[in-house]
Amino acid sequence: MTTLSTIPVPLPELTAPSVWPASAVTARGGDVSVGGVPLAELAERYGTPVYVLDEAEVRARAAAWRRALPDADVVYAAKAFLCRAMVDWMEQEGVGLDVCSAGELELAASRGFPADRIVLHGNAKSPRDLRTALRLGVGRIVIDSECEIARLAAHVPGPEAQQVMVRVLPGIAAGGHHKISTGAEGQKFGLSIAGGDAEDAVARILGQPRLELVGLHMHLGSQIASAEPYARGVRRVVAFMARIRDRYGVTLPELDAGGGFAVAQLPGEPAPSPAAYGRRINDALVRACAEFDLPLPRLTVEPGRSIVATAGVALYRVLAVKRTGGRVFAAVDGGMSDNPRPALYGARYTVRMVGRPSAAPMRATTVVGRHCEAGDVLAESVELPEDLRPGDVLAVPASGAYQVSMASGYNLTGRPPVVAVAGGRSRLLVRRETFEDHRGRDVGL
Ligand code: LLP
């Protein structure tokens, strides 16, 4: 596609850590271009709402994780956002996949992604999830409850054993919001080390010839903006590995430290680099292994958001501007159906008008969606020009993770398309959901 010539000025808010992809620059006519393509042009061509994904940013973030931990396995947490192009990019960048359903697994398999580099998670794996995993030969299945041990073992066709890990609960509270905090006692994930459940599960697995226990897994939560909880978690898991060695004579060769690495949602928010997380985790692992006299296990990390969040920009068109109750609202053509994160976790975003210059003063404006709920707020009190009007395009950076993947069919507005940009070109990755899609599923009278 043709692109406007751009005068590449980095965005003012492009300070590290940025909420924009590295390729984001100001473009002619008050626009911003990403991957060399002006955003307003993308809004025009693909319609709104639309999600733009900067391919180079995704690849660079994946590569940064590989560089940060060259001796570890990096697996991308597909729940953050998955489509066939993402599967290919991860494969090309030497990154594995963490999936948690037969659907994610089938999508990866449809691109010929090597199954031995896939890890299957889930606190409630369905028979279909397990059957699909065994049929495709996934590398690791992470056990999350005792009752799935016998069920899984019964389905392993043999003669080779299925390699499994145990998701342990190290008892560490971390994460940006209680709904995405998974390392402490009293929530649904994992098997408690302190309570003895993890050890019971280990003993049971060791008694199942069809299962081979290769290691332990922890996932502390999401949006964890410090490496310290990982360091503490790794030490607790290594201490537990030492106990397993002492009681059962088994030295486990792998440790999966999970995902949860934070990104800046607002400019300047703390977000350690993959290198910083990697250094701290590695250091903690080396120290703990020395302390407990264990050989270094092979490490795995599972970044999701950290790879894809800042590569994504959501574009909306303003449908209405309203002043009421002393506040200014800009209502756009998307909302909680494509981004439930503000409503679910109180997530905050920055918003920028793109596509035309404005010299108007800025004022606090609340960007709301089009859905039939007062809680359908995308961004509370963000600075937008006073002359904002219907038809204007708003760009919301840091939108690449857990938005399209959590999009719903609310109000039958249709889930938005995803467009990749790279080298001044754009291409459609996922098309817009249409009314025909809804009608096709509705088979009753
Ligand atoms: N590994 C496991 C086992 C996980 O459950 C998750 C995320 C990850 C890795 C990747 O976490 P990440 O690096 O992306 O933080 N919907 C929420 C996030 C839920 C995360 C669920 N598990 C949100 O929008 O913030």
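Helices (H or I, at least four residues) and strands (E, at least two) are DSSP runs, numbered from the N terminus. The model shown in these views is predicted.

**Figure 1. Whole-protein overview of the predicted model.** The secondary structure amounts to 12 helices and 22 strands. Along the principal axes, the C-alpha trace covers about 70 × 55 × 45 Å. The radius of gyration is 23 Å, which agrees with the value near 22 Å for a compact globule of 445 residues. Of these 445 residues, 54% count as buried. Take the contacts between residues at least 6 apart in sequence: 68% of them join residues at least 24 apart. The accessible surface is about 18300 Å². Carbon and sulfur atoms account for 52% of that surface. Side chains carry 50 positive and 48 negative charges. The centres of the two charge sets are 2 Å apart.

**Figure 2. Close-up of L69, in the loop between α2 (55-68) and β6 (73-77).** L69 has 3% relative accessibility. Buried means under 20% relative accessible area, so L69 counts as buried. Neighbours within four places in sequence are set aside for its contacts. The remaining partners are G278, N282, L299 and V301. A further pair to pick out is L69 and P274, 205 residues apart in sequence. In space their C-alpha atoms are 8.5 Å apart.

**Figure 3. Close-up of helix α4 (residues 102-110) and its cover.** Four residues of α4 are listed as buried: A102, E104, L105 and A108. Seen down the helix axis, these residues fall within an arc of 160°, so they line one face of α4. An α-helix has 3.6 residues a turn, so residues three or four places apart point the same way. The cover over the buried residues of α4 includes two helices, α3 (84-92) and α5 (127-136). It also includes the strands β7 (96-99) and β8 (118-120). Just after α4 comes G112, with a positive phi of about 70°.

**Figure 4. Close-up of helix α3, part of the cover of α4.** Buried residues in α3 are A85, M86, V87, W89 and M90. G94 stands just after α3. Its phi is positive, at about 75°.

**Figure 5. Close-up of V119 in strand β8.** Strand β8 is also among the elements covering the buried residues of α4. V119 has 6% relative accessibility and so counts as buried. With neighbours within four places in sequence left aside, V119 is in contact with V75, L97, D98, V99, R140, V142 and E302. C100 is 19 residues away from V119 in sequence. The C-alpha to C-alpha distance of this pair is 8.3 Å.

**Figure 6. Close-up of two cis peptide bonds.** Most residues other than glycine have a negative phi, and most peptide bonds are trans. One cis bond joins T48 and P49, with omega about -10°. P49 lies in the loop between α1 (39-46) and β5 (50-54). Another cis bond joins G158 and P159, with omega about -5°. P159 lies in the loop between α6 (147-155) and β10 (162-169).

**Figure 7. Close-up of positive phi values at D293 and N411.** Neither the first residue, D293, is glycine, nor is N411. Phi of D293 is near 55°. D293 sits in the loop between α9 (274-291) and β14 (298-301). With 63% relative accessibility, D293 counts as exposed, because the cut-off for exposed is over 50%. Phi of N411 is near 60°. N411 sits in the loop between β20 and β21 (418-422). At 37% relative accessibility, N411 counts as partly exposed.

**Figure 8. Close-up of G391, in the loop between β19 (377-385) and β20 (393-396).** Relative accessibility of G391 is 35%, so this glycine counts as partly exposed. Apart from neighbours within four places in sequence, its contacts are R317 and V318. G391 and A320 are 71 residues apart in sequence. From C-alpha to C-alpha, the two are 8.6 Å apart.

Terms used
Residues are numbered from 1 along each chain as its sequence is written. This is a predicted model: local features need pLDDT of at least 70, side-chain atom pairs count only at pLDDT 80 or more; totals for chains, interfaces and linings use all residues. Side-chain values use heavy atoms; hydrogens and water are left out. The radius of gyration is taken over C-alpha atoms; the globule rule is 2.2 Å times the number of residues to the power 0.38. Buried means under 20% relative accessible area, exposed over 50%, partly exposed in between (1.4 Å probe, protein chains only). Contact means heavy atoms within 4.5 Å. Accessible areas come from the Shrake-Rupley method with a 1.4 Å probe; for residues, only the protein chains shown count as cover. Lys and Arg count as positive and Asp and Glu as negative; His and the chain ends are not counted. The place of a charge is taken as NZ of Lys, CZ of Arg, CG of Asp or CD of Glu. The arc is that of the directions from the helix axis to the C-beta atoms.
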